[in-house]
Amino acid sequence: MTNGKTTPALTTAPTRRGLLRMSAGLAGSAVLMRLTSSAAWAAPSGDLQIMAWEGYDLVPELQAWRDANGVKVETTSMTSQDDVHTKFMAGNPPPFDLAEYNQAYANLYIDQLGITTPIDPVAVPNFNADNIFEQFLGKAEWERDGKLTGVPWIWGFNTSLYNAEAMAEPKSYKDFLAPELKGKIAIVDDSVTMWPVTARVAGLGAKYPNLTRDELSAAFAELAKYRDQARMIALNMGDVATALASGDVVAVLCADPAVIKMTEELGGKLKMAVPEEGVVLWVDAWFVPPSADNVETALAFINEALSPQAQADICMRLNQAPVSKQAVALMDDAARTRIDYNNLEAYFAGGLPGIPPLESEEFATYDDWISAWQEFKAGI
Amino acid sequence: MKLSARWSGWTLASPTILFMLAFFVFPSLFLLVYSFWKASSFQITPAFQFDNYVRALTDELFWRVTFNAVIIGLMSAVVCMAMALPVGYYLVFVSRSRLLEQIILVTWFSSYLVRIFAWRTLLGNDGVINTVLQSLGLIDAPIEALLYSRFAVGVTLIHLYLPYCIILVMTAFHEIRQDLIDASRDLGRSQVGAFFSVVVPNASAGLVGAFMLTLIMTMGDFVTPQMLGGTTGQTTGLLIADQFRRTGNWPLGSAQAVIMFLLVVLIFVAVIVAGRTLGFIPKRRKQRAV
Amino acid sequence: MILRIFVALVISFLVAPLLIIVLFSFHATASLSFPFQGLSLRWYAALFEDAQLGDAMLTSLLVALVTAVATLVLGMCASLAWLRLGGRARAAVEAVTITPIALPGLFIGVSLLIALALFQVSLGKVTIIIAHIVISMPIVMIAMRARLALFDTMLEEASRDLGANSLYTFRKVTLPLIMPTLVSAAVLTFAISLDEFIVTGFVSGTETTLPMFIWSMMRRTVTPMINAISTVILIATLAILLISSHIERTRRAQSLRARESE
């Protein structure tokens with residue numbers, strides 16, 4: 001134990017955070033110095049440890065880049081955003097060079113936990129106004145004091161997915177409450193997606209993430225009806241895809257459209273529906289944690305992930321949307337027309353969802369939501 | 001001579017003892033200490049307070065999932081024992097087939113996760129059981145309750161831990177001398193009579209151990225209920241694991257783990273008392289660990 | 001007769017799912033449910049093309065090997081010590097080495113996680129190995145204890161009285177007596193380590209073992225590839241078990257012959 005009796009395993013103690021920040025700052029300036037002092041940027045190489053959603057580690061898209069530079073990427077898959085911060089909060093954070101954060105967690109990661117480090121924009125030249133949609137530039141979710149804390153790289157919306165052969169297109173989440181669907185739907189154990197949905201099914205969507213404790217109870221009471229309809233609370237995307245493909249369930253209340261491709265691979269068919277209560281918008285960003293030991297390669301990886309071709313490829317593969325404007329022209333018709341890229345403001349007009357407050361007298365806190373979600377899963 | 005034997009004994013034992021102290025005993029103590037620490041929104045501070053225990057014990061959620069875990073564990077362990085006793089008896093006293101023993105070992109060592117998943121293939125709507133029943137004309141529509149239910153969890157847990165249970169039961173039976181059984185047979189007892197009058201009491205310590213170890217495994221397994229339990233997959237194990245992996249409330253998770261441990265001890269005592277009352281465990285016999 | 005039928009039923013309950021696993025490893029499509037749509041070796045071909053799987057396999061084999069050797073050495077020392085120690089000391093050795101078997105893997109996993117975090121030990125192969133040793137130690141100790149209960153320290157003493165030094169006594173007297181048990185305990189340990197999943201998940205850091213790889217596959221689409229992996233492991237396990245039981249049998253036959261010729 002380095003600092004005696006007060007070392008907590010989950011560390012947010014100011015001293016330690018300060019230290020981490022300081023060392024991150026030092027690392028950042030070292031990178032900067034190397035950049036300015038010599039034109040020769042050290043070539044990316046070596047092992048890269050990343051933590052990403054399953055399938056989001058760009059394995060096929062960046063194969064040529066990895067081969068050309070001799071980079072080996074080792075991915076640890078995350079099944080929920082919580083996987084990331086619980087790993088980094090421990091006293092022995094694993095040496096990840098890169099990880100992803102959902103925009104809802106920006107304040108928590110940047111300000112409260114201090115697990116992001118400033119990213120040098122010079123090392124990520126693809127992150128520029130010519131390539132990137134303005135919705136992702138200069139936003140508080142990925143910047144602090146003019147410094148990049150994370151690089152948004154892919155976005156999309158989670159929505160209802162259903163087997164068109166087994167049921168009619170759902171126009172509203174309420175359609176899943178039809179008696180004939182009892183025991184035929186799935187709910188995914190993913191709080192980032194399901195918490196906003198919980199507020200919405202109770203008509204409190206506009207207030208999320210700031211619901212009073214009474215409103216929280218009301219919202220989960222409403223969601224309980226959907227649990228009674230559900231056959232399973234799926235662990236993750238693969239889990240729900242397997243159940244959909246085998247016909248054990250015919251729809252999932254709200255999930256990542258990447259599940260469509262997964263289900264098709266297993267011989268199932270799946271369609272996307274947009275319920276009137278709205279979809280759950282998300283933007284994932286790469287960030288470099290303080291424990292990173294191969295920052296140069298990590299930044300090069302981010303830059304490659306933003307190249308128009310890689311953006312187009314992964315978005316077609318996963319049914320998602322690119323942050324790169326130039327990628328749109330490179331996608332096939334189905335992917336290009338899925339979203340109206342000329343009118344992106346419409347998608348972002350309502351703002352991006354955040355997470356409930358960590359501490360609050362007035363509103364239900366993050367802890368309250370976690371308890372409520374656990375109780376929901378246990379059937380209370 | 002005596003002194004040197006003891007001295008060399010301790011020298012030989014010390015690496016192992018030190019290793020186990022460092023990586024088993026102390027960590028367990030830290031877990032206990034941790035359960036008294038304080039956690040609030042992503043911050044953990046050393047303290048000595050009982051809040052975590054109060055919170056766990058007064059929480060409906062905790063009792064609900066613990067009840068679920070105990071039910072699942074008890075049912076699976078009881079069925080495992082009911083199957084393992086005859087099989088163990090057969091393998092130790094009747095046949096001594098090496099082949100069957102090997103088969104049991106192989107099933108024990110075939111991949112845990114893949115076996116869990118195989119049961120999805122067996123129990124699903126398109127699964128083997130439903131397909132067979134349907135083609136035989138016994139049912140019209142697939143039985144949905146087979147999968148994503150407590151039944152599915154129970155069957156899978158039994159499949160996962162039965163080999164382990166059989167091996168433990170066999171170990172317990174091996175301690176009984178064959179001549180005891182022969183003597184009892186000579187006295188005119190039937191096979192079943194010999195089993196209950198000679199085998200069970202003489203192997204009772206080992207059998208209680210086998211039951212408890214199986215129970216601990218089935219109760220603590222949080223992957224199977226999660227994968228096959230549908231909406232009934234929440235158990236104490238999963239709740240605790242989630243405190244560490246997802247919620248980040250390590251002190252609460254530690255307190256819940258300590259309570260779960262105490263619960264296991266309580267069940268152990270209950271089994272012993274029940275066994276003595278029912279006469280399966282001879283009284284005043286020194287209990288030996290497995 | 002009834003007993004025999006019952007045993008047959010239980011064994012078929014144990015084996016049937018394994019047959020399903022093997023059957024679907026040859027499935028022509030990606031689906032893991034019926035109807036069965038023809039045979040193919042594509043999933044076995046896929047095994048050899050997957051670099052991540054190869055890495056996970058190597059990690060697992062390395063971890064299992066080191067675990068088996070380390071547990072073997074530690075377990076052997078402890079059991080020889082057990083032989084030399086008096087009642088209370090024996091109980092102490094047993095308490096620290098055998099108790100882990102009575103705790104759920106989860107308990108061991110989280111307590112190790114806490115300890116490692118407190119001391120800021122970074123997680124990786126070493127911590128996985130440590131965890132696996134803790135889990136396997138009870139099994140080695142239980143097996144050794146059963147064997148050593150039949151062992152007589154007099155043999156060792158007699159050998160030393162005849163002028164042999166302790167190393168010689170160990171090599172020529174003690175080791176041959178406990179060798180078969182050690183080997184089968186090591187095989188058990190290896191198998192346990194290779195398949196361990198619950199504890200590993202807490203202490204693995206960025207490392208991926210084979211079960212962790214299978215788990216991560218389950219997050220995307222589960223294809224018959226996991227069945228192919230499992231079938232390969234099944235065959236390997238069978239081979240190891242057969243070889244070790246063969247060794248044991250030959251040794252037993254040898255010692256019998258040796259005794260007869262005396």
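Here are some questions and answers on this predicted model. Residues are numbered from 1 along each chain as its sequence is written, with chains lettered from A and ligands numbered from 1 in the order in which they are written. Local features need pLDDT of at least 70 and side-chain atom pairs count only at pLDDT 80 or more, while totals for chains, interfaces and linings use all residues.

Q: Which helix gives the largest share of the side of chain B that touches chain C?
A: Let's start with the contacts, which need C-beta atoms, placed from the backbone, within 7 Å. Here 68 residues of chain B are in contact with 62 residues of chain C. Of the chain B side, 22 residues come from one helix (a DSSP run of H or I, at least four residues, numbered from the N terminus). That largest share belongs to residues 2-34 of chain B, helix H1.

Q: How many helices does chain C have?
A: Reading chain C from the N terminus, the elements run α-α-α-α-α-α-α-α-α-α-α. With 0 strands (DSSP runs of E, at least two residues), the secondary structure of chain C comes to 11 helices.

Q: What is the bridge partner of A:Ile50 in S2(A)?
A: Look at strand S1 (residues 46-53) and strand S2 (residues 71-78) of chain A, which pair in the parallel sense over 8 bridges; pairing takes at least two DSSP bridges. Within S2(A), the partner of A:Ile50 is A:Thr75.

Methods
Two residues are in contact if their C-beta atoms, placed from the backbone, lie within 7 Å.
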